[in-house]
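Please find below my notes on the model that you sent round. They are arranged as numbered points, beginning with one helix and its surroundings.

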Amino acid sequence: APFGSRGSFFSFAPAAGSFAANPPFVHNIMDATATHVLKLLDAAAAAQGGPALSFTVILPGWKEGAAFNALSASKFCRRRILIAAADHGFCDGASHQRQDPYRNSPFDTSVFVMQTDKAARKWAADEACEQSLRDAFAQCVPSAAAVARQLKQTDGAAVRGAKPGKRGRGEAEDDQDDEDDEDNEDDEADEDDEAGGGGGGEEGGEGGLPPAERKALLDKWVTFKRKGDFAAADQLRAQLAERGVNADAERPFRPNKHRNEGRQARKTMKKKK
């Protein structure tokens, strides 16, 4: 399997043990995860000796979701812990490259402790366990200074550290490449508008989003990517997916057909000089 993975979670069938599941925050994947976890717990409970099987499932605090409700209603749910967004943060996916590894959580998080009877006795999900978990989550809350730096980057207050005045040829070429990318993404937005973007008329668009709101959110997603704020882009992509909009499909990256030609022409001019 790629990236050193042991394979698909949905092919994972342990008879016993303690595991954690933190699926992507997309409803159909979370729903499938909950279904698989409950199936495995049912099998373990029915097996001879009722082996100790435990899953800690981490989901957003979206109480309307099928996964949230299925796990909450299950006889295997030993504890459900709701952690407010303000009381925890998350580790940036590019934390090894960031000055500030932690970011604010955009929503509440729910932690479900799902166990067979034997697992509940072996790994008790008691008050002490919950407090320890809350303390661990709280350690990821970013500092006020970190939040200020992240907001500054997101708002584009500092654009690539550029200074006014004369710039070198290399910087000008990089800017031209950036303009090519922006033109490419703007073209994608224009094509999306001309084609109707999969919307449903003025009453509502894709996933029930009004066309104007849908376009504004997709534009914001593209802007985050341009600025290199990929954590914010990933959050917004997940939020759009929740509302039935596939950002990658709506605004796919298609290399600008003039970009490589322009780069090659500039390289040729350099050699001639």
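1. The buried residues of α8 are covered by elements that include β5 (102-104), α7 (211-227) and α9 (247-250). The residues concerned are A231, A232, A233, L236 and L240, where buried stands for under 20% relative accessible area, exposed for over 50%, and partly exposed for what lies in between (1.4 Å probe, protein chains only). Helices and strands are named here from DSSP runs numbered from the N terminus (H or I with at least four residues for a helix, E with at least two for a strand).

2. On the basis of the text, this is a predicted model, in which local features need pLDDT of at least 70 and side-chain atom pairs count only at pLDDT 80 or more, while totals for chains, interfaces and linings use all residues. Residues are numbered from 1 along each chain as its sequence is written, and side-chain values use heavy atoms, with hydrogens and water left out.

3. Helix α8 itself takes in residues 230-242, that is 13 residues, and spans 18 Å from its first C-alpha to its last, close to the 18 Å expected at 1.5 Å a residue; the expected span is 1.5 Å times one less than the number of residues. Just after α8, G244 adopts a positive phi of about 85 degrees.

4. V26, in the loop between β1 and α1, is a residue to look at together with α8. Its C-alpha atom is separated by 9.6 Å from that of L240, although the two residues are 214 apart along the chain. Once neighbours within four places in sequence are left aside, V26 is in contact (heavy atoms within 4.5 Å) with A241 and E242. With a relative accessibility of 24%, V26 counts as partly exposed.

5. Turning to the sheet, four strands form an open arrangement in the order β1-β2-β6-β3, with mixed pairing; two strands pair if DSSP finds at least two bridges between them. β1 (17-21) and β3 stand at the edges with a single partner strand each, so one side of each is left without a neighbour in the sheet. Neighbouring strands of this sheet are turned by 10 degrees against each other on average, direction ignored.

6. How many of the seven residues of strand β6 (residues 109-115) are buried? Seven of the seven are, so β6 is largely enclosed by the rest of the structure. In a regular strand the side chains alternate between the two faces of the sheet. In β6 both faces are covered, with T109, V111, V113 and Q115 buried on one side and S110, F112 and M114 buried on the other.

7. The pairing of β6 can be followed on both flanking strands. Strand β2 (residues 53-60) runs antiparallel to β6 and is joined to it by seven bridges; here P60 stands opposite T109, and F55 has M114 as its bridge partner. Strand β3 (residues 77-83) also runs antiparallel to β6, with six bridges between them, and I83 stands opposite T109.

8. Two helices lie across strands of this sheet. α1 lies across β1, β2 and β6 and runs at about 165 degrees to β2, whereas helix α4 (residues 127-138) lies across β3 and β6 and runs at about 30 degrees to β3. For these angles, axes are lines fitted to C-alpha atoms, for helices over the stretch in contact, and the values run from 0 to 180 degrees between N-to-C directions.

9. Helix α1 (residues 27-46) packs on helix α2 (residues 66-73) at an angle of about 20 degrees, with 8 Å between their axes. That makes α1 roughly parallel to α2, a description used for angles under 35 degrees. M30, D31, A34 and L38 of α1 make the contact with A66, A67, A70 and L71 of α2. By class, these residues divide into seven nonpolar, no polar and one charged, where Ala, Val, Leu, Ile, Met, Phe, Trp, Tyr, Cys and Pro count as nonpolar, Asp, Glu, Lys and Arg as charged, and the others, Gly among them, as polar.

10. S74, in the loop between α2 and β3, is buried, with a relative accessible area of 15%. Leaving aside neighbours within four places in sequence, S74 is in contact with L38 and M114. The C-alpha atoms of S74 and M114 are separated by 8.4 Å, with their positions 40 residues apart along the chain counted as their separation.

Conventions:
Parallel < 35°, antiparallel > 145°, perpendicular 65-115°, else oblique.
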